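Reader: I have a model open and I'd like to learn how to read a few of its features. Can you walk me through them one at a time?

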Amino acid sequence: MTLADHPPTTPPPATYGAVLGSRHVVRLLGGTLTGRLPNGMVPVGLVLWITGGGGSLAFAGLLAALYGLASGLSQPIKGRLMDRYGQTRISAPAVVFNSGCLASLPWIGASGHPAAVTAAVGLAGLFTPPLESGLRALWPTVLPDLGRRRVVQALDTGSQGLLYIVGPLLASWLATAYGPGMALNAAAALTLVGTVVVLTAAPSRTWRRATTGGAVGGGRLAGAGLVLLFTALAGTGFALGAMNVWAAGMATTHKMAMLSGMLPAAFSAGSVLGGLIYARRRWPGTTTTQLLATAALFLFGWMPLLVQPGPRAAIALAVIPGLFLTLIITNGFHTVDSLAPASRSTEAYAWLILSVGTGQAAGTALAGALAEHPYVLAGLPAAGAAVSMAILVLARRKLGPGRRLGRHRRSRHFNSPVSEGDSPMAIRTEWKIVHSCGHESTANLSDRPADKRAGFARWLGGRDCTDCWKASRDSDSATKEVWLAAKRAEEQQAALDWATQFDMPALEGPERALAWGERSRFQLVTAAYTALVTESGTWDEADWAALEEKIRTVTRAGWWIDQRDAEGTDLPELLDAATADDRGTENPFR
């Protein structure tokens, strides 16, 4: 039985119930939110612990800043290690160190040696498990359907604002009811529990980084588009940091201490609401246009606050910019998906998270220095949003695949199950097969024709290894069939959009093979563009345009199906080997 025996089906509904009812979704979301709740608890817990033990507020603030800085700066490193070695090997030891260091603080004592306390806090921050970036990397596996993935990512981003409301409140309550040390112990326990829940889930245990034909962890991550995107989102983070200080200033001005908490809470409520609204339907436009539109709305949302409204009006108006925060971050992650190498996706997500956090710290610092100037303070969030908007407008052509001739990009979601071969420009004979069960084997395909090896390797990679096949051949395969149907529908739509955009001719052959051939052509051509033009740098657009015309001449669906999992670098040689039977009779040139 082959994929051609199963024509594409209508994608499954992307409703809240369908998404949250999907296997593993609630567990992964709940575990990640639980494990990240201490991010909002630890800074408050440290301040209460140090000051409760007779220490200075300045030292307590330094420790809180150190924890956040160490956690943020180490995220990209942990993300890259996770891309290389998997989630369990990185997050498991990290959470042990993190929880151990936090739990050791009450034992050391708030009046203990400052160097020991500082070292324990710094190490705890460095070893904070990278749950957020790890979860982002899991969604394509858990939810192959793009519509459902968009919904869960919006829910994920929107709910994170609650962490910084619930976290400080929980830490304050525990410190008041059971002593300051209890808040730190609870944070250690929550981090451990949440991380264990995620790591013991099947998607995390079996997750492997996607490959693009290069070395593990390879591919450029410092492209202009990504750098500009991260810089723009630092401006968004600046607005968040300045808002917290502005809220404290409003509380002082109006002599209402609760405003310092209610204004950020209203903003976070808007973020949750915005995520729920955004996820309810499919919005028009590309990811880039949605990112620009939401950045503009985020900027305009801050404008009414420039007039220094009264407390009630300020609480209501703070909801407006919050509505668009989730949309900016969600579309930022989607943009990373299209720009970052598949083999370094977790690291790229971590850089995005770090950029927002760095901007937030800068906004807090500058707003604190200008706290004596209320009107300037009120304008800082809008200034950060304006900088973000300006950078995105200037970088809009670099934030997604171009529409010029030859600008082919392959989504990181479509990847070969086999690893790199023997040499970049020779059809390999030894194929390393990653079976669908996760086990690996090596197959010698030298006895097969060069243009048949990739197809046979794909056939092997789509099946369990011998041992797993024997163990599961009598089990029910209904769940797997549903997943395959959804994945085929997603791939088919991407192939049709690509063929329309680049004027590719219709394929010829049996009716049931046409859709399969279109998907195979799309995947191989986009892989070739990535390997030959984007990554190697040895080809320019003129070279690619010549090859593209050759691509248009091969219209037999069966030929593309046979080559569907060949290396992208092999495409020129494979096209030269195509016979007259593989080429169409109509003029493919425009």
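Reader: Let's go straight to aspartate 503: where is it found?

Author: Aspartate 503 sits in the loop between H21 and H22. Keep in mind that this is a predicted model. The backbone there has a positive phi of about 55°, although the residue is not a glycine.

Reader: And is aspartate 503 buried or exposed, or something in between?

Author: Its relative accessible area is 38%, so aspartate 503 is partly exposed. You'll find another positive phi at histidine 24, near 80°, again in a residue other than glycine. Histidine 24 belongs to the loop between helix H1 (16-20) and helix H2 (25-36), and at 23% relative accessibility it counts as partly exposed.

Reader: Next, helix packing. How are two packed helices described?

Author: You give the angle between their axes and the distance between the axes. Try helix H13 (residues 224-254) with helix H16 (residues 311-339): the angle is about 165° and the axes are 11 Å apart.

Reader: Why does that angle make H13 roughly antiparallel to H16?

Author: Angles over 145 degrees count as roughly antiparallel, so H13 is roughly antiparallel to H16. Their crossing is left-handed.

Reader: Which residues meet there?

Author: On the H13 side, the list includes Leu226, Phe230, Leu233, Trp246 and Met250. On the H16 side, you'll see Ala314, Leu325, Ile328, Ile329 and Val336 among them. The residues of this contact divide into 14 nonpolar, five polar and no charged.

Reader: What about H5 and H17: at what angle do they pack?

Author: The angle is about 165° there too, with the axes 7 Å apart. That makes H5 roughly antiparallel to H17, and this crossing is right-handed.

Reader: How do the residues of the contact of H5 with H17 divide?

Author: Into five nonpolar, four polar and three charged. H5 brings residues including Gln75, Arg80 and Asp83, while H17 brings Glu347, Trp351 and Leu354, among others.

Reader: Charged residues make me think of salt bridges. How many does the count come to?

Author: Seven, counting a side-chain nitrogen of Lys or Arg within 4 Å of a carboxyl oxygen of Asp or Glu. One of them joins the side chains of glutamate 347 and arginine 80, at 3.8 Å from N to O. Glutamate 347 lies in helix H17 (residues 345-369) and arginine 80 in helix H5 (residues 75-85), so this pair ties together parts that are 267 residues apart in sequence.

Reader: Are glutamate 347 and arginine 80 buried or exposed?

Author: Take them one by one. Glutamate 347 has 6% relative accessibility and counts as buried. Arginine 80 is partly exposed, with a relative accessible area of 28%.

Reader: Which side chain does aspartate 156 meet in a salt bridge?

Author: Arginine 136, at 3.6 Å from N to O. Aspartate 156 is in helix H9 (residues 146-159) and arginine 136 in helix H8 (residues 131-142), and the pair is 20 residues apart. Both aspartate 156 and arginine 136 are buried; for aspartate 156 the relative accessibility is 2%.

Reader: What else is aspartate 156 in contact with?

Author: Leaving aside neighbours within four places in sequence, aspartate 156 contacts Leu29, Leu135 and Trp139 as well as Arg136.

Reader: Where does arginine 519 come in, and what does it form a salt bridge with?

Author: Its partner is glutamate 491, and the closest N and O atoms are 3.9 Å apart. This pair links helix H22 (residues 511-535), which holds arginine 519, to helix H21 (residues 478-501), which holds glutamate 491, across 28 residues. Arginine 519 and glutamate 491 are both buried. For a network rather than a pair, look at Glu548, Glu549 and Arg552, which salt bridges link together.

Reader: Last one: how should I read distance along the chain against distance in space?

Author: Compare the sequence separation with the C-alpha distance. Valine 554 and glutamate 508 are 46 residues apart along the chain, and their C-alpha atoms are separated by 9.5 Å. Valine 554 has its place in the loop between helix H23 (541-553) and helix H24 (557-562), and at 0% relative accessibility it counts as buried. Then there's leucine 460, 19 residues from serine 441 in sequence and 9.7 Å away from C-alpha to C-alpha. Leucine 460 is in helix H19 (residues 450-461), and its relative accessible area of 19% makes it buried.

Technical notes:
Residues numbered from 1 in each chain as written. Predicted model: local features only at pLDDT ≥ 70, side-chain atom pairs only at ≥ 80, totals over all residues. Heavy atoms only, no water. Axes fitted to C-alpha atoms, helices over the stretch in contact; angles between N-to-C directions. Helix = DSSP H or I, 4+ residues; strand = E, 2+ residues; numbered from the N terminus. Parallel < 35°, antiparallel > 145°, perpendicular 65-115°, else oblique. Left-handed = near helix turned anticlockwise from the far one by under 90°. Contact = heavy atoms within 4.5 Å. Nonpolar A, V, L, I, M, F, W, Y, C, P; charged D, E, K, R; others polar. Buried < 20%, exposed > 50% of the residue type's maximum accessible area, 1.4 Å probe, protein only.
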